[in-house]
Amino acid sequence: MSNHQYSPDYSDKELTVCSILAKKVKEYFQDEAHCKDFEKWYRNKYGKDYVWKK
């Protein structure tokens with residue numbers, strides 16, 4: 001079940017794609033190695049450490 005509110009600005013297909021993408025990103029960051037890779041990329045890109053939100 002989705003927790004988004006329906007907006008006439010987006011089609012059902014667009015909302016489905018966004019939901020799938022969000023789920024994939026969430027799953028990706030469940031792996032500690034992926035988080036470390038992201039932190040390294042962020043440090044190289046922005047010159048500072050990424051602060052994870054709780």
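Reader: In this predicted model, does E39 count as buried or exposed?
Author: The cut-off for buried is under 20% relative accessible area. E39 has a relative accessibility of 18%, so this residue counts as buried.

Reader: Which side chain does E39 meet in a salt bridge?
Author: The partner lies in helix α2, as E39 does, three residues apart, about one turn of the helix. At 47% relative accessibility, this partner counts as partly exposed. The N to O distance in the salt bridge is 3.9 Å, and the partner is K36.

Reader: What is the N to O distance in the salt bridge of D49 and R43?
Author: D49 is exposed, with a relative accessible area of 52%. R43 is partly exposed, at 40%. Their side chains meet in a salt bridge, N to O, at 2.7 Å.

Reader: Why is the pair of F38 and Y50 edge-to-face rather than stacked?
Author: Planes over 60 degrees apart count as edge-to-face. The ring centres of F38 and Y50 are 5.0 Å apart and the planes are at 85°, so the pair is edge-to-face.

Reader: How many residues apart in sequence are the parts that F38 and Y50 tie together?
Author: F38 lies in helix α2, residues 32-46. Y50 lies in the segment after α2, so the pair ties together parts whose separation in sequence, in residues, is twelve.

Reader: Which residue forms an edge-to-face pair with F38 at 5.4 Å centre to centre?
Author: The planes of this pair are at 90°. The partner belongs to one aromatic cluster with F38, Y50 and others, including W41 and W52. With a relative accessible area of 28%, the partly exposed partner is F29.

How values were computed
Residues numbered from 1 in each chain as written. Predicted model: local features only at pLDDT ≥ 70, side-chain atom pairs only at ≥ 80, totals over all residues. Heavy atoms only, no water. Phe/Tyr/Trp six-rings, centres within 6.5 Å; stacked < 30°, edge-to-face > 60°. Buried < 20%, exposed > 50% of the residue type's maximum accessible area, 1.4 Å probe, protein only. Helix = DSSP H or I, 4+ residues; strand = E, 2+ residues; numbered from the N terminus. Salt bridge = Lys/Arg side-chain N within 4 Å of Asp/Glu carboxyl O.
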